[in-house]
Amino acid sequence: MLSGAPAAHADQPAFVVNPISHVDTLIGTGTGGETVGEINNFPGASVPFGMVQYSPDTTDTYAGYDHDNERSTGFSMTHASVGCAAFGDISMLPTTAPIGPRPWDDWEEIAHDGTEVGVPGYYTVRFPATGVTAELTATTRTGVGRFSYPANGQPALFHVRSGASLGATMPRPSRSARTTARSPDRRPPADSAARTTPTRCTSP
């Protein structure tokens, strides 16, 4: 007959009280080498079964974001961890630079360093060239962003592209054009080649 509960094993792992504190939403947002390719996860703010996935976007990325890419087109409200260009609706880019004649080409460099944080329900990143810091969170039906601009006399601009999406049919610069050195105002040359991105997960 047992007189009591058996003693715990000496090296038994401790019970995790708050599993959320161990989650890093930046995991799976890079490239898994030549064989795996882009992993296609997004790091932004969302809640289970929520309508909004408020997350950053980088150029030429299916799920919207690639941690190996420093060129950010801003933040959009819908994302999915998929291997095709989809969602990315209502793109918005905080900037201090003037909006040029090709606004769909605009991007700003983001800092992939210790100041970029992704945890469940919250994401933050900074733009080193402009000094802007972005913070994102989400509820079941909405996304909330806070964008802090430096007090240096530069204009605080917020560029909203309501018709933009990752799978949009609007002309977008080709991959070769996007790797071209940018002009001093951080925009690609005006004669950049254009292409049309398919709206579904199919080949053009």
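Where is I90 found in relation to β2 and β3? In this predicted model, I90 sits in the loop that runs between β2 (71-76) and β3 (91-95). With a relative accessibility of 39%, I90 counts as partly exposed. On the surface, I90 joins F158 and V160 in a nonpolar patch of about 240 Å².

One member of that patch, F158, also leads to the aromatic residues. A search of the whole structure finds three aromatic pairs. Among them is the pair of F75 and F127, which is edge-to-face, with 6.0 Å from centre to centre and 85 degrees between the planes. Because F75 belongs to strand β2 and F127 to strand β6 (residues 122-127), this pair ties together parts that are 52 residues apart in sequence. Both F75 and F127 are buried.

A further pair is formed by F147 and F158, and here the arrangement is tilted: the centres are 4.9 Å apart and the planes make an angle of 50 degrees. This contact, too, links distant parts of the chain, with F147 in strand β8 (residues 143-148) and F158 in strand β9 (residues 157-161), eleven residues apart. How do the two partners differ in burial? F147 has a relative accessible area of 18% and is therefore buried, the cut-off being under 20%. F158, at 36%, is partly exposed.

Taken together, ring pairs link F75, F127, F147 and F158 into a cluster. Within this cluster, F75 and F127 are buried, while F158 also contributes to the nonpolar surface patch with I90 and V160.

Conventions: Residues numbered from 1 in each chain as written. Predicted model: local features only at pLDDT ≥ 70, side-chain atom pairs only at ≥ 80, totals over all residues. Heavy atoms only, no water. Patch = residues over 30% accessible without salt bridge, like charges linked within 9 Å, V, L, I, M, F, W, Y side chains within 5 Å. Areas by Shrake-Rupley, 256 points an atom, 1.4 Å probe, with all protein chains shown as cover. Salt bridge = Lys/Arg side-chain N within 4 Å of Asp/Glu carboxyl O. Helix = DSSP H or I, 4+ residues; strand = E, 2+ residues; numbered from the N terminus. Buried < 20%, exposed > 50% of the residue type's maximum accessible area, 1.4 Å probe, protein only. Phe/Tyr/Trp six-rings, centres within 6.5 Å; stacked < 30°, edge-to-face > 60°.
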